[in-house]
Amino acid sequence: MNPAATPSPKPDTEDGRWMNIHNRYVSEAKEKEPEVIMVGDSLIQYLEHLDYWNRAFAPMHTLNFGIGGDMTQHVLWRILNGELDNVKPKVVVILVGTNNSESAEEVAEGILEIVRVTREKQPEAYIVLLSLLPKGYLPNPLRDKNESINVIIREKAQAMPKVEVLNIGQGLVQPDGTISHHDMYDYLHLTNAGYEKAFEPLAELLQQLLSEGEPEQDLTPSE
């Protein structure tokens with residue numbers, strides 16, 4: 001059995017924060033009418049606390065269902081337990097997998113299982129899979145693993161209707177292979193400037209999807 005593709009609640013601390021956040025998201029899904037829902041780990045969660053969120057994503061009636069430290073199995077459990085119920089978003093954005101310790105193939109399978117369940121819950125929604133970001137100041141095995149995951153999900157998603165893999169890592173790796181702390185302050189999480197650089201392609205794609213229904217062209221930056 002692949003742990004990355006097996007839904008599991010995150011082992012909680014004694015204060016119950018993870019489950020409390022999940023329950024809040026379930027309530028928001030019942031109470032609000034979002035056009036966009038973003039689901040994922042801290043890279044999604046932290047976005048909501050930036051001015052950039054208020055400028056680019058809040059006007060699109062976006063709900064942010066990110067939880068720091070989540071892995072694919074945790075997001076899978078969350079969407080199977082209410083976070084995509086009672087809503088009809090036009091777009092679901094997914095970014096998760098960088099925290100997983102399983103192999104690239106297993107993590108990719110977990111991400112694709114999230115896509116399958118999302119499609120089951122939201123048959124009319126357009127699904128945008130964000131590529132896993134590079135991490136580490138210098139080239140390293142974990143950065144290579146994330147890129148391997150990206151290759152797998154990009155290939156698999158080509159055959160899926162209304163699913164797009166959007167590369168948001170362009171420009172974060174410098175010509176010498178390093179990542180600047182001005183873009184990723186700890187070489188994992190994005191700075192304000194890093195968020196704008198990475199998420200601008202998503203903002204453009206969402207604007208297009210919400211105004212026209214389908215993208216006229218592939219907005220994924222070239223490799």
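1. How many nonpolar, polar and charged residues are in the lining of the largest pocket? The lining has 6 nonpolar, 7 polar and 4 charged residues. Bear in mind that this is a predicted model.

2. The largest pocket holds about 280 Å³ of space. It is lined by 17 residues. Closest to the pocket centre are Pro134, Glu147, Gly169, Gln170 and Val173.

3. Next, the sheet. It is open and made of 5 strands. Their order is 2-1-3-4-5, and they pair in parallel. Strand 2 (62–66) and strand 5 (163–166) are the edge strands. Each has a single partner strand, so one side of each lacks a neighbour in the sheet. On average, neighbouring strands are turned by 20° against each other, direction ignored.

4. Strand 1 covers residues 36–40 and pairs with strand 2. The pairing is parallel and runs over 5 bridges. One residue pair to look at is Val39 and its bridge partner Phe65, which sits in strand 2. In general, strands of a sheet pair through backbone hydrogen bonds.

5. Helix 4 spans residues 72–80 and packs on this sheet. It touches strand 1 and strand 2. The direction of helix 4 makes about 140° with that of strand 1.

6. On annotation: UniProt lists residues 39–196 as "domain: SGNH hydrolase-type esterase". That comes from an unreviewed entry. In the model, the span 39–196 is 38% helix and 13% strand. Its end C-alpha atoms lie 18 Å apart.

Terms used:
Residues are numbered from 1 along each chain as its sequence is written. This is a predicted model: local features need pLDDT of at least 70, side-chain atom pairs count only at pLDDT 80 or more; totals for chains, interfaces and linings use all residues. Side-chain values use heavy atoms; hydrogens and water are left out. On a 1 Å grid over the protein atoms alone, a cavity is a set of points where a 1.4 Å probe fits but cannot get out, and a pocket is an open set with protein on both sides within 12 Å along at least five of seven lines; lining residues have an atom within 4 Å of a point. Grid points are joined across faces, edges and corners, and a volume is the space filled by probe spheres set on the points. Ala, Val, Leu, Ile, Met, Phe, Trp, Tyr, Cys and Pro count as nonpolar, Asp, Glu, Lys and Arg as charged, and the others, Gly among them, as polar. Two strands pair if DSSP finds at least two bridges between them. Helices (H or I, at least four residues) and strands (E, at least two) are DSSP runs, numbered from the N terminus. Axes are lines fitted to C-alpha atoms, for helices over the stretch in contact, and angles run from 0 to 180 degrees between N-to-C directions. Contact means heavy atoms within 4.5 Å. UniProt positions are given in the numbering used here, feature names are shortened, and annotations may be inferred rather than shown by experiment.
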